[in-house]
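The following paragraphs go through a protein model, taking a helix pair and then the sheets. Please keep the sequence and the 3D view at hand.

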Amino acid sequence: MRSFKNILVTGGAGFIGSHVVRRLTNKYPETNIVNLDLLTYAGNLENISDIEHSENYAFVKGNICDRDLLINLFKKHNFDAVVHLAAESHVDRSIANPGAFLETNILGTAALLEVAKAHWIHENGAFKNAETGSTNHNLKNVFYHISTDEVYGSLGEEGLFSETTSYDPRSPYSASKASSDHIARAYHHTYGMPIVISNCSNNYGANQFPEKLIPLMIKNICDQKSLPVYGQGLNVRDWLYVEDHANAIDLILHQGASGSTYNIGGLNEWSNIDLVKYLIQVVDEKLQRPKGSSDGLITFVKDRAGHDHRYAIDASKIERELGWKPSETFEVGLEKTVTWYLENSEWLNKVVSGEYEKYYEQHYGK
Ligand code: NAD
Ligand code: TYD
C-alpha cells in the first residue's frame with residue numbers, strides 16, 4: 001500500500017469531494033490534505049465545516065484552470081498525489097451551457113496534469129515510460145482522475161459497462177469527462193506518468209446539490225411541489241451510496257495499479273419512475289403523511305435532449321483486485337439520505353437561495 005505526505009484534492013467542497021476530503025483527513029492524520037475548490041454554485045464550505053480546524057487540512061479557494069496558482073501550490077506543498085474531483089457535473093446544465101464544462105473539465109484537468117508532471121519530473125526525475133511494459137512506474141506519485149460511467153454512452157435493456165467498453169459519450173458533460181479521461185491516459189502512455197482513473201455510476205447521499213434527481217425529488221416532496229419526471233420515466237440509473245464511492249476512491253488511491261482504470265457501481269438499477277415512487281413512500285412515511293398523499297405530484301415533462309437510456313456498471317475488477325464491494329443497501333442508504341435532508345433544511349434553503357446561482361450566471365451566463 002502506498003502512503004503520501006501531501007495530497008491535493010480538487011473539488012473537495014462539492015458533493016462527493018466533501019466525503020472524500022473528510023475521509024482522507026480523518027483517516028490519515030500524518031498526511032496533509034489541501035482542498036482546492038472554486039466554490040461555484042455546487043461548492044459549499046459548510047459541507048466540510050467539521051474538519052476545517054483539523055491540523056492536517058487546509059482549504060484554498062481557486063480555479064483548477066489557473067496554472068500559476070497550481071504551480072505555486074505544488075511548490076509550496078510538494079504534493080505527492082492529486083485526487084481530482086473538481087468538475088462541472090450536471091448534465092442538464094451542460095446541455096444549456098456547455099462552455100463551463102469544456103473549460104473546467106477539459107482545460108482544467110489538462111492544466112493540473114501538466115503542472116503535476118512538470119513538478120514531479122523536476123523533483124523525482126523522469127517517469128519510466130509505460131511503453132516499456134514495466135509495471136515499476138514511479139509510484140512516489142499518483143494522479144487520480146475521478147470520472148463517470150457516462151463516458152461509455154447508453155445501454156439498451158441488457159449488458160453492463162466494463163473497463164473495456166468503448167467510449168461513446170453523448171452529452172456535453174460526458175464528452176468533457178471522456179476528453180479528460182483520454183488526456184490523463186495519454187499522459188500515462190506518453191510520459192509514463194502514474195495515473196489511475198475510476199468511472200463511477202450515479203451517487204446519492206448527504207450534501208448533493210438539489211438539482212440532481214434524488215435530492216431534488218426529496219425537496220419537492222417535502223415542499224409538496226411537482227416532481228418533474230423526464231419523458232416516461234423509464235430511463236435507468238445504477239445508484240451508489242456516496243460513502244461507498246469515497247471508500248473505493250481511498251482504496252484506488254492507495255492500492256490501484258498505475259495506468260489502470262476501475263469501474264465502480266452499485267449493482268442497483270432503478271428506473272426513474274420507480275425510484276420517484278419509492279422516494280415518495282419513504283419521505284411521506286418519515287413526515288407521517290397518509291400513504292400515497294404525494295403520488296399526485298408526479299408530473300411527466302418534456303424529455304431531456306439526447307437522454308441516455310440506461311447506465312449499469314460491471315464492478316467485478318475492483319472487487320477482484322482491491323476487494324471493494326458496496327457496503328450500504330439502497331434501502332438503508334436512501335433512508336439515511338432522506339433523514340439528512342429533513343434534518344438539514346437550512347443547508348438546503350441556503351444552497352438554493354440564489355447566491356450560488358448568481359455566481360454561475362455572472363461567470364458563465366444564464
Ligand atoms: P459537484 O458538482 O457536487 O462538485 C464539484 C465541485 O467542484 C464543487 O465544489 C465546485 O465548486 C468545484 N469546482 C467546479 N469548477 C471548479 C474549478 N474550475 N476549479 C476548482 N473547483 C471547481 O460534483 P460531484 O457530484 O461531487 O462530482 C465530483 C466528481 O465526481 C466530478 O468529477 C464528477 O464528474 C464525478 N462523478 C460524479 C458522479 C455523481 O453521481 N455525482 C458520479 C460519477 C462521477
Ligand atoms: P441526474 O440526477 O441529473 O443524473 P444523470 O443525468 O447524470 O444520470 O438524473 C438522473 C436521472 O433522472 C436521469 O435519467 C434524468 C432524470 N431526471 C428526471 O427525470 N427529472 C429531473 O428533474 C432530474 C434532475 C433528472
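The crossing of H1 and H7 is right-handed, meaning that the near helix is turned clockwise from the far one by less than a right angle. This is a predicted model, in which local features need pLDDT of at least 70 and side-chain atom pairs count only at pLDDT 80 or more, while totals for chains, interfaces and linings use all residues. Residues are numbered from 1 along each chain as its sequence is written, chains are lettered from A and ligands numbered from 1 in the order in which they are written, and side-chain values use heavy atoms, without hydrogens and water. Helices (H or I, at least four residues) and strands (E, at least two) are DSSP runs numbered from the N terminus.

Helix H1 covers residues 15-27 and helix H7 residues 242-255; their axes come within 9 Å and cross at roughly 55 degrees. Axes are lines fitted to C-alpha atoms, for helices over the stretch in contact, and angles run from 0 to 180 degrees between N-to-C directions. H1 and H7 are therefore oblique to each other, that is, outside the ranges under 35 degrees (roughly parallel), over 145 (roughly antiparallel) and 65 to 115 (roughly perpendicular). Among the residues in contact (heavy atoms within 4.5 Å) are Phe15, Val20 and Leu24 in H1, and Val242, Ile249 and Leu253 in H7.

H1 also lies across E1, E2, E3 and strand E4 (81-84), at about 165 degrees to E2. These strands belong to an open sheet of seven, ordered E3-E2-E1-E4-E5-E6-E10, with parallel pairing; two strands pair if DSSP finds at least two bridges between them. E3 (57-61) and E10 (261-264) stand at the edges with a single partner strand each, so one side of each has no neighbour in the sheet. From one strand to the next, the twist averages 20 degrees. Within this sheet, E1 (residues 6-10) and E2 (residues 32-37) are joined by five bridges, and valine 9 stands opposite asparagine 35 in E2. Helix H4 (residues 99-124) lies across E1, E4, E5 (142-148) and E6 (195-200), and runs at about 165 degrees to E5.

Another open sheet has three strands in the order E7-E9-E11, with mixed pairing. E7 and E9 (residues 236-241) pair in the parallel sense over three bridges, with asparagine 202 opposite tryptophan 239 in E9.

Strand E8 (residues 227-230) is joined to E12 (residues 298-301) by four bridges, in parallel. Leu227 and Val229 of E8 point to one face and are buried, while Pro228 and Tyr230 point to the other and are not; buried means under 20% relative accessible area, with a 1.4 Å probe and protein chains only. Valine 229 stands opposite phenylalanine 300 in E12.

Methods
Buried < 20%, exposed > 50% of the residue type's maximum accessible area, 1.4 Å probe, protein only.
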